[in-house]
Amino acid sequence: MLIGEVARRSGVSARMLRHYESLGLVRPSGRTGSGYREYSERDIRRIFHIESLRSLGMSLREAGRALDDPGFTPAALVGDLVRQTRERIAAETELLTRLRRIDAAAPAGWEDVLRTVALLRALGSKSAGARQRAALSSGPSGDEVPVPVEALVEAALGETDPHVAGALRWALARSGDGGAVPLLARGLGSPVAAVRERAVRALAELPGDEATARLREALANPDAVVRRYAAPALGTRGVAGAVPTLLDMIVEGRNDTEAADALSVLASDRATADRIAAGLVDRLARDTAGAPARGRLTQALAGIPGTTASRALGELSHDADRAVALTAAYLLRLRDAG
C-alpha cells in the first residue's frame, strides 16, 4: 500500500509518516519499482499502535520503546502518565480559574489585565505582608483594581495570618458583591473546622439580608464555634432568634462579652428586653450554672433595661453567693443613679 493510501486509511499525514520513518518508528517494508514507499499490513498495524499509545499521552520515543522492547512493562510508564496528566490538568485548571477571574474583573485594557494578574499573584504570595497589601488595595472604585469576589473568598477561607484575614474580610465587606455570600455559606459546610470559622467570621461582617439569612441558618450548625460567631452578629442586627445561643455563650464563658453586648442591642425593644431578662434569670436558677456562670449572667443583666431585670437584680443582691450579691447590688446602684 502506497503512502497516500496509508495516510487516508490511518488519518496520519504523509508528512508525519515520513517523520516516523526518519525516527525509525515505522519503516516501509518495501519499495515499488518506481521507488515509492510500500507499506505492508504489519506496517499499518504498527502505525495504529503508535497512534494509540500517543493518544495516552506518550511521546514518540516512549511509544517506540513500548513496541520494540520485549521486556518493557507498562506499569511504571502508565503511572508516570497518570501523574503527568494530573499535573497538567491542575495547571490548566489554575489557568482557567485565573482567566475567569480576570474576565470577571471586566478589564478596560491591558493595563487593567496586568494589574489584576499582579493582585491575584499577590493574594497567593508566601509573604503575609504582600497578601495583606493586595487585600487592602482591592476595591470597587477609584484607581483600585477590583479583585473578583471569588478570589477574595478563596483567599479568606484559606488565610491563616490573623492580620491578613482581617484585611480580606474588610475587602469582602467593601466589595459590595452579593456573590460572596453563597460562596462563604458553602464554606460553613467544610469538613475543616478552621475553614468553617473563617467563613462565618467573614459572613458576620457582610451587610445585607442575604448574609443575615445565612447567619440565621448558621445558628443550627453542628459546629459550636460557627454558632458562637453567628449569634452576636445576628443580635446586633436585631434578630431575636439568636437569644438562646447568646445565653449559652454567657453560661459557657465563650465570647461572653460579645454575647452580652448583643443582648443589650436586642434589649432596645421593651418586650424583647423582658424576655432576655427572664432568660437570664432562668439560667441563673438552673443547678447546672456554676459560680462563674452565675457571675457572668448577673453582669449581663446590667445591659438589660426594664422592671424584669431590675427585679432580678434586687433579688440577686441577697444571693447566697457573696460575689453575685455584691455585683447585683452595685449594678442596682448604677441603675438608680442613671
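How much space lies in the largest cavity? About 30 Å³ of space lies there, and this tour will come back to that cavity after a few stops along the chain. The model is predicted, so that local features need pLDDT of at least 70 and side-chain atom pairs count only at pLDDT 80 or more, while totals for chains, interfaces and linings use all residues. Residues are numbered from 1 along each chain as its sequence is written, and side-chain values use heavy atoms, with hydrogens and water left out.

**Stop one: Arg9 and Tyr20**

Select Arg9, which is found in helix H1 (residues 3-10); helices here are DSSP runs of H or I with at least four residues, numbered from the N terminus. Arg9 is exposed, with a relative accessible area of 53%, where exposed means over 50%, buried under 20% and partly exposed in between, with a 1.4 Å probe and protein chains only. Leaving out residues up to four places away in sequence, Arg9 touches Met1 and Phe48, a contact being heavy atoms within 4.5 Å. For a long view across the model, add Pro244, which is 235 residues from Arg9 along the chain, with 76 Å between the two C-alpha atoms.

Move next to Tyr20 in helix H2 (residues 14-23). Is Tyr20 buried or exposed? At 0% relative accessibility, Tyr20 counts as buried. Show its surroundings and, not counting residues up to four places away in sequence, you will find that Tyr20 touches Val12, Leu25, Val26, Ile50, Glu51, Arg54 and Leu60. Arg42 is 22 residues from Tyr20 along the chain, and their C-alpha atoms are separated by 15 Å.

**Stop two: Leu136 and the cavity**

Select Leu136 in helix H7 (residues 128-137), which is partly exposed with a relative accessible area of 41%. Once neighbours within four places in sequence are set aside, Leu136 is in contact with Ala167 and Trp170.

Now select Ala156, Ala165, Leu168, Arg169 and Arg198, the residues that line the largest cavity. A cavity is a set of points, on a 1 Å grid over the protein atoms alone, where a 1.4 Å probe fits but cannot get out, and lining residues have an atom within 4 Å of a point. The structure holds 1 cavity of 30 Å³ or more, a volume being the space filled by probe spheres set on grid points that are joined across faces, edges and corners. Helix H9 (residues 162-175) gives the most to this lining, with 3 residues. The lining divides into 3 nonpolar, no polar and 2 charged residues, where Ala, Val, Leu, Ile, Met, Phe, Trp, Tyr, Cys and Pro count as nonpolar, Asp, Glu, Lys and Arg as charged, and the others, Gly among them, as polar.

**Stop three: helices packed together**

Show helix H11 (residues 193-204) with helix H13 (residues 224-236), which pack at an angle of about 5° with their axes 9 Å apart. Axes are lines fitted to C-alpha atoms, for helices over the stretch in contact, and angles run from 0 to 180 degrees between N-to-C directions. H11 and H13 are therefore roughly parallel to each other, since angles under 35 degrees count as roughly parallel, over 145 as roughly antiparallel, 65 to 115 as roughly perpendicular and the rest as oblique. On the H11 side the contact is made by Arg196, Glu197, Val200, Arg201 and Ala204, and on the H13 side by Val225, Val226, Tyr229, Ala230 and Ala233.

Which helix packs with helix H14 (residues 243-252) at an angle of about 130°? The partner is helix H17 (residues 291-300), and the two axes are 7 Å apart. That angle makes H14 oblique to H17. Colour Ile250, Val251 and Glu252 of H14 together with Ala293, Arg296, Leu297 and Ala300 of H17 to see the contact, which by class has 5 nonpolar, no polar and 2 charged residues.

**Stop four: two loops**

In the loop between H14 and helix H15 (256-266), select Asn255. Its phi is near 50°, a positive value in a residue other than glycine, and Asn255 is partly exposed, with a relative accessible area of 32%.

End at His318, in the loop between H18 and helix H19 (322-337). At 69% relative accessibility, His318 counts as exposed, and its C-alpha atom is separated by 8.5 Å from that of Ala328, 10 residues away along the chain.

Note on methods. 1 Å grid on protein atoms, 1.4 Å probe; cavity = no way out; pocket = protein on both sides within 12 Å on 5 of 7 lines; lining within 4 Å.
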